[in-house]
Amino acid sequence: MKDFGFTISKGRSLDLDNLQQDRVDKLLELVPSYKLCIGCGGCTASCSAAGFTDFNIRRIHTSFLRARYDDLDKQLQKCMLCGKCTLVCPRGVNTRALIINMRRILAGVDSVTVNEEKGVVL
Ligand code: SF4
Ligand code: SF4
């Protein structure tokens, strides 16, 4: 194919009929601090895994909110759960609990035992 020097991005429109709001509601119930996220990207900038892989935690939690689950479960496995992103978040979002709960919700685990109020149970 001819290289025109630019690419056409995939459509970014949201399918509001298939947003799977229950997954988002569950995530916000388990990690209420996520409601305070301002999307600054500090978590991605400080991420230990991002230095070695294409892992982008901000893109992942934003995609989850928008019900774009394509490869999220695979991407989430790149996180080492070191907790550095949680330390730097200016809004106090418990990103580590966020990641663990996104993994569990995507895996369809019913009895989620990780709650940021009660601490992380692995
Ligand atoms: S650092 Fe905190 S506020 Fe900023 S994008 Fe990450 S989770 Fe959201
Ligand atoms: S807990 Fe995961 S997302 Fe956060 S800094 Fe560590 S590797 Fe990155």
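Call a residue buried if 20 or more other C-beta atoms lie within 10 Å of its own. Keep that cut-off in mind as we walk through this structure, which is a predicted model.

Let's start with α6. By that count, its buried residues are Thr95, Arg96, Ala97, Leu98, Ile99, Ile100, Asn101, Met102 and Ile105. What sits over them? The cover includes α1 (21-30), α2 (42-46), α3, α4 and α5. The helix geometry checks out too: at 1.5 Å a residue, the 13 residues of α6 should span 18 Å, and the end C-alpha atoms are indeed 18 Å apart, so the two agree. Just after α6 comes Gly108, with a positive phi near 75°.

Now for the nonpolar core. In soluble globular proteins, nonpolar side chains tend to be buried together. Here, the largest nonpolar core has 21 residues, and Leu27, Val31, Tyr34, Leu98 and Met102 are the ones with the most contacts inside it. Helices α1, α3 and α6 each put in at least two residues of this core, and α6 has the largest share, with six. Leu27 is a handy place to look around from. Leaving out residues up to four places away in sequence, Leu27 touches Tyr34, Phe64, Asn101, Met102 and Ile105. Two of the names on that contact list, Tyr34 and Met102, also turn up among the core residues with the most contacts.

On to the ligands. There are 13 residues around ligand 1, and Cys37, Cys40, Gly42, Cys43 and Cys89 come nearest. Sorted by class, this shell holds seven nonpolar, four polar and two charged residues.

One of those nearest residues deserves a stop of its own. Cys43 lies in helix α2. Is Cys43 buried or exposed? It has 28 other C-beta atoms within 10 Å, so Cys43 is buried. Its contacts, not counting residues up to four places away in sequence, are Ile57, Arg58, Cys85, Val88, Cys89 and Thr95. Take Arg58 from that list: Cys43 and Arg58 are 15 residues apart in sequence, yet their C-alpha atoms are 6.6 Å apart in space. Cys89, another contact of Cys43, is also among the residues that come nearest to ligand 1.

Ligand 2 has 15 residues around it, the closest being Cys47, Cys79, Cys82, Lys84 and Cys85. Cys85 is one you have just met, as a contact of Cys43. Which helices supply this shell with at least two residues each? They are α5 (84-88) and α6 (95-107), and α6 gives the most, with three residues. By class, the shell around ligand 2 splits into nine nonpolar, four polar and two charged residues.

Finally, have a look at a couple of backbone oddities in the loops. Ala67 has a positive phi, near 60°, although Ala67 is not a glycine. You'll find Ala67 in the loop between α3 (57-65) and α4 (72-76). It has 15 C-beta neighbours inside 10 Å, so Ala67 counts as partly exposed. Leu81 tells a similar story: phi is positive here as well, near 55°, again in a residue other than glycine. Its place is the loop between α4 and α5. With 14 other C-beta atoms within 10 Å, Leu81 is partly exposed.

Note on methods
Residues are numbered from 1 along each chain as its sequence is written. Chains are lettered from A and ligands numbered from 1 in the order in which they are written. This is a predicted model: local features need pLDDT of at least 70, side-chain atom pairs count only at pLDDT 80 or more; totals for chains, interfaces and linings use all residues. A residue is near a molecule or strand if its C-beta atom, placed from the backbone, lies within 6 Å of it. Ala, Val, Leu, Ile, Met, Phe, Trp, Tyr, Cys and Pro count as nonpolar, Asp, Glu, Lys and Arg as charged, and the others, Gly among them, as polar. Helices (H or I, at least four residues) and strands (E, at least two) are DSSP runs, numbered from the N terminus. A residue is buried if 20 or more other C-beta atoms lie within 10 Å of its own, exposed if 12 or fewer, and partly exposed in between; C-beta atoms are placed from the backbone. The expected span of a helix is 1.5 Å times one less than its number of residues. Two residues are in contact if their C-beta atoms, placed from the backbone, lie within 7 Å. A nonpolar core is a set of buried Ala, Val, Leu, Ile, Met, Phe, Trp, Tyr and Cys residues joined through C-beta atoms within 7 Å.
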